[in-house]
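Got the viewer open and a coffee to hand? Let's walk through this one stop at a time, selecting as we go.

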Amino acid sequence: MGAALALAERGVGRTAPSPSVGCIIVANGRVVGRGWTQPGGRPHAEAVALAHAGSAARGATAYVTLEPCAHVSARGPDCTGTLVEAGIARVVVAVEDPDPRTAGQGIARLRVAGIEVMTGSGEAAARAVMAGFFARQWRDRPFVTLKLALSIDGCIALASGESRWITGPVARAHAHLERSRHDLIVVGRGTLEADDPALDVRLEGLADRAPRAAVLSRSLDAIPAGRRLSEALLLHEFSDIDALPDVSSVLVEGGAGVAASLLAADRVDRLLVYRAPLLLGGQPGVAALDLGDLASTHGRWRRSATLPLGVDLLEVYDRTR
């Protein structure tokens with residue numbers, strides 16, 4: 001299952017509205033097939049792995065990071081039927097599909113066909129890989145990550161506004177990797193005017209994986225010509241993203257105002273805090289949140305990871321729900 005989860009990671013940010021799934025097929029202790037969801041969501045991981053395995057799939061075990069789909073669509077056959085037809089003898093599933101069109105039906109059909117099914121292996125990791133898909137199914141909106149590059153004292157710039165660069169090259173490279181794993185990247189009008197960002201992915205081999213870009217502004221009627229984001233999507237309300245069917249994960253790189261507005265609206269699911277060993281005494285990374293009392297702020301965030309990145313440190317926080 002660990003290998004299947006690693007394969008699923010390859011499709012993150014490229015498969016919406018479908019989840020990025022990984023599949024490993026094992027026969028007689030040997031991997032005979034492997035696959036992951038392809039760009040655009042088809043073919044599914046199981047179909048790729050079965051095509052790779054060929055006749056060796058008969059009597060084999062399939063390790064799948066999400067319950068095989070049980071509904072036929074115009075885009076392709078259901079994976080449950082495909083596994084049955086291939087003669088798979090056993091299926092290990094990390095997590096049940098929350099999509100009501102499948103939701104347990106895939107597992108039930110496999111068992112009716114005489115296939116042994118085991119569930120729960122790697123469930124937490126699978127949910128993390130498919131966080132955008134689960135957010136869409138459970139909350140009818142994309143999974144939102146807010147990225148902050150801060151000094152030790154929580155600033156994003158000097159008092160003068162100078163902010164390039166707070167973090168070092170290793171941390172910035174990691175931030176570009178995060179961009180490649182999202183469907184949409186959002187900045188506010190202030191960032192657009194101050195930095196004229198490109199929001200591309202400047203990593204060798206991943207340049208083609210830059211997400212769609214959007215600018216959040218209630219006052220702009222159009223993005224000014226000459227800006228590098230002149231062709232970006234213009235959003236007047238952040239909730240406009242919810243209506244975009246091919247967006248399951250959003251990375252926000254906005255300024256202090258955008259950060260505060262999303263945090264106040266409880267629209268942030270994950271925080272990426274890149275902290276540099278600097279003291280700036282300048283502009284804060286998050287504007288005033290107007291919180292009612294200190295007690296209500298406790299328990300809302302859980303630190304899930306820390307990662308040294310050169311001289312900087314990445315802290316990852318998940319919203320507790």
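Start with the open sheet of 5 strands, whose order is 2-1-3-4-5 and whose pairing is mixed. Keep in mind that you're looking at a predicted model. Colour strand 2 (30–36) and strand 5 (116–119), and you've marked the edges, since each of them pairs on one side only. Ignoring direction, neighbouring strands here are turned by 15° against each other on average.

Next, pick strand 4 (residues 90–93) along with strand 5: the two are parallel and share 4 bridges. For a landmark, show V91, which sits opposite V117 in strand 5.

Now add helix 1 (residues 2–9). Helix 1 lies across strand 1, strand 2 and strand 3 (61–64), and makes an angle of about 145° with strand 1.

**Into the cores**

Which residues have the most contacts inside the largest nonpolar core? Select I25, I88, V91 and M130 to see them; the core has 39 residues. Strand 1 (residues 22–27) is the top contributor, giving 5 residues. Nonpolar side chains tend to be buried together in soluble globular proteins.

Zoom in on I25 and show what surrounds it. Beyond its neighbours within four places in sequence, I25 is in contact with residues including V31, V32, L50, A53 and I88. There's also a second, separate core of 23 residues; V144, L146, L235 and L244 are among them.

**The other sheet**

Move on to the open sheet of 8 strands, again with mixed pairing, in the order 10-9-8-11-6-12-15-14. Its edge strands are strand 10 and strand 14, each pairing on one side only. The average turn between neighbouring strands is 25° in this sheet, direction ignored.

Select strand 6 (143–150) and strand 11 (249–252). These run parallel and are joined by 4 bridges, with T145 standing opposite L251 in strand 11.

Slide over to strand 9 (residues 212–216). Why call this strand largely enclosed by the rest of the structure? Because 4 of its 5 residues are buried. Strand 9 has a partner in strand 8 (residues 184–188), parallel over 5 bridges, and there you'll find G188 opposite L216. Strand 9 also runs parallel to strand 10 (residues 233–235), with 3 bridges joining them; V215 has L234 as its bridge partner in strand 10.

Before leaving, show helix 8 (residues 189–195) too: strand 8, helix 8 and strand 9 together make a right-handed β-α-β unit.

**Helices on the sheet**

Turn on helix 7 (residues 169–180). Its 12 residues should span 16 Å at 1.5 Å a residue, and the end C-alpha atoms are 17 Å apart, which agrees. Helix 7 packs on the sheet, and its direction makes about 160° with that of strand 12.

Which residues of helix 7 are buried? Select A171, H174, A175, H176, E178, R179 and S180. An α-helix has 3.6 residues a turn, so residues three or four places apart point the same way. The buried residues of helix 7 pack against several strands, including strand 8, strand 12 (270–275), strand 14 (301–309) and strand 15 (312–319).

Last stop: helix 9 (residues 256–264). Helix 9 runs at about 140° to strand 6 and lies across strand 6, strand 8, strand 9, strand 11, strand 12 and strand 14.

Conventions
Residues are numbered from 1 along each chain as its sequence is written. This is a predicted model: local features need pLDDT of at least 70, side-chain atom pairs count only at pLDDT 80 or more; totals for chains, interfaces and linings use all residues. Side-chain values use heavy atoms; hydrogens and water are left out. Buried means under 20% relative accessible area, exposed over 50%, partly exposed in between (1.4 Å probe, protein chains only). Two strands pair if DSSP finds at least two bridges between them. A crossover is right-handed if, with the strands pointing away from the viewer, the path from the first strand over the helix to the second runs clockwise. The expected span of a helix is 1.5 Å times one less than its number of residues. Contact means heavy atoms within 4.5 Å. A nonpolar core is a set of buried Ala, Val, Leu, Ile, Met, Phe, Trp, Tyr and Cys residues joined through side-chain atoms within 4.5 Å. Axes are lines fitted to C-alpha atoms, for helices over the stretch in contact, and angles run from 0 to 180 degrees between N-to-C directions.
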